[in-house]
Amino acid sequence: IMENMLMAEGYATASALAKKFFTLYRLLEDLLSRQRHYDWGLRAVKSVLVVAGAFKRGEATQTEGGLLMRALRDFNLPKVVLQDEQIFLGLLRDLFREVYDSMPRRQDEAFE
């Protein structure tokens, strides 16, 4: 599902990115504390992929791995409790090492 949706959003490296996405969500489910509001299921996957698609259309010059990593980080970080934040960011850094430091949070200047 992840690979097909990434392809539909225009990601040429969908297969490799889907594996990273799947690995991240399985590790998060296993390693983070149990919180009622954590959702690592299909609904959350779909939401992240929609955000990743918007990033791809809006920033075509950025690397695909960086755009997916940003979507995963920006979508999930607000719901991660403080005690789990270091684990979450560490997993992201490990899986997206090549782009982790080069993808700042996207900000909407008009909103903020």
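Which side chains meet in a salt bridge at 3.1 Å, N to O? The pair is Glu29 and Arg26, and point 5 returns to it. The structure is a predicted model, and the notes below should be read on that basis.

1. Nonpolar core. The largest nonpolar core comprises 35 residues. Within this core, Phe21, Tyr25, Leu72 and Phe96 have the most contacts. Two or more core residues come from each of helix H1 (2-8), helix H2 (14-31), helix H3 (42-58), helix H4 (64-76) and helix H5 (82-95). The greatest contribution is that of H2, which supplies 7 residues.

2. Surroundings of Leu72. With residues up to four places away in sequence left out of the count, Leu72 touches Phe21, Leu24, Tyr25, Val48, Leu77, Phe88, Leu92 and Phe96. Among these partners, Phe21, Tyr25 and Phe96 are also listed with Leu72 as the residues with the most contacts inside the core.

3. Helix H3. The helix has 17 residues, and the distance from its first C-alpha to its last is 24 Å, close to the 24 Å expected at 1.5 Å a residue. Its buried residues are Ala44, Val45, Val48, Leu49, Ala52, Gly53, Phe55 and Lys56. The cover over these buried residues includes H1, H2 and H4. One member of the buried set, Val48, is in contact with Leu72, and another, Lys56, takes part in a salt bridge described in point 6.

4. Helix H5. For the 14 residues of H5, a rise of 1.5 Å a residue gives a span of 20 Å; the end C-alpha atoms lie 21 Å apart, which agrees. Asp84, Phe88, Leu89, Gly90, Leu91, Leu92 and Leu95 are the buried residues of this helix. They pack against H2 and H4. Phe88 and Leu92 are among the residues that Leu72 touches.

5. Salt bridge within H2. The whole structure contains 8 salt bridges. Side chains of opposite charge can pair when their charged atoms come close. In the case of Glu29 and Arg26, the N to O distance is 3.1 Å. Both residues belong to helix H2 and are 3 residues apart, about one turn of the helix. An α-helix has 3.6 residues a turn, so residues three or four places apart point the same way. Glu29 is partly exposed because its relative accessible area is 36%, between the limits of 20% and 50%. Arg26, at 30%, likewise counts as partly exposed.

6. Salt bridges with buried partners. Lys56 and Glu64 meet through their side chains at 3.0 Å, N to O. Lys56 has a relative accessible area of 17% and is therefore buried, the limit being under 20%. Glu64 also counts as buried, at 12%. A further salt bridge joins Glu59 to Arg70, with the closest N and O atoms 2.7 Å apart. This pair links distant parts of the chain: Glu59 is in the loop between H3 and H4, Arg70 is in helix H4, and the two are 11 residues apart. Glu59 is buried at 15% relative accessible area, and Arg70 is buried at 5%.

7. Nonpolar surface patch. Leu27, Leu31 and Ile87 make a nonpolar surface patch of about 220 Å². Leu27 lies in helix H2, the helix that also gives the most residues to the core. With a relative accessible area of 30%, Leu27 is classed as partly exposed.

How values were computed: Residues are numbered from 1 along each chain as its sequence is written. This is a predicted model: local features need pLDDT of at least 70, side-chain atom pairs count only at pLDDT 80 or more; totals for chains, interfaces and linings use all residues. Side-chain values use heavy atoms; hydrogens and water are left out. A nonpolar core is a set of buried Ala, Val, Leu, Ile, Met, Phe, Trp, Tyr and Cys residues joined through side-chain atoms within 4.5 Å. Buried means under 20% relative accessible area, exposed over 50%, partly exposed in between (1.4 Å probe, protein chains only). Helices (H or I, at least four residues) and strands (E, at least two) are DSSP runs, numbered from the N terminus. Contact means heavy atoms within 4.5 Å. The expected span of a helix is 1.5 Å times one less than its number of residues. Patches are made of residues with over 30% relative accessible area and no salt bridge: like charges are joined within 9 Å, nonpolar side chains (Val, Leu, Ile, Met, Phe, Trp, Tyr) within 5 Å. Accessible areas come from the Shrake-Rupley method with a 1.4 Å probe; for residues, only the protein chains shown count as cover. A salt bridge is a side-chain nitrogen of Lys or Arg within 4 Å of a carboxyl oxygen of Asp or Glu.
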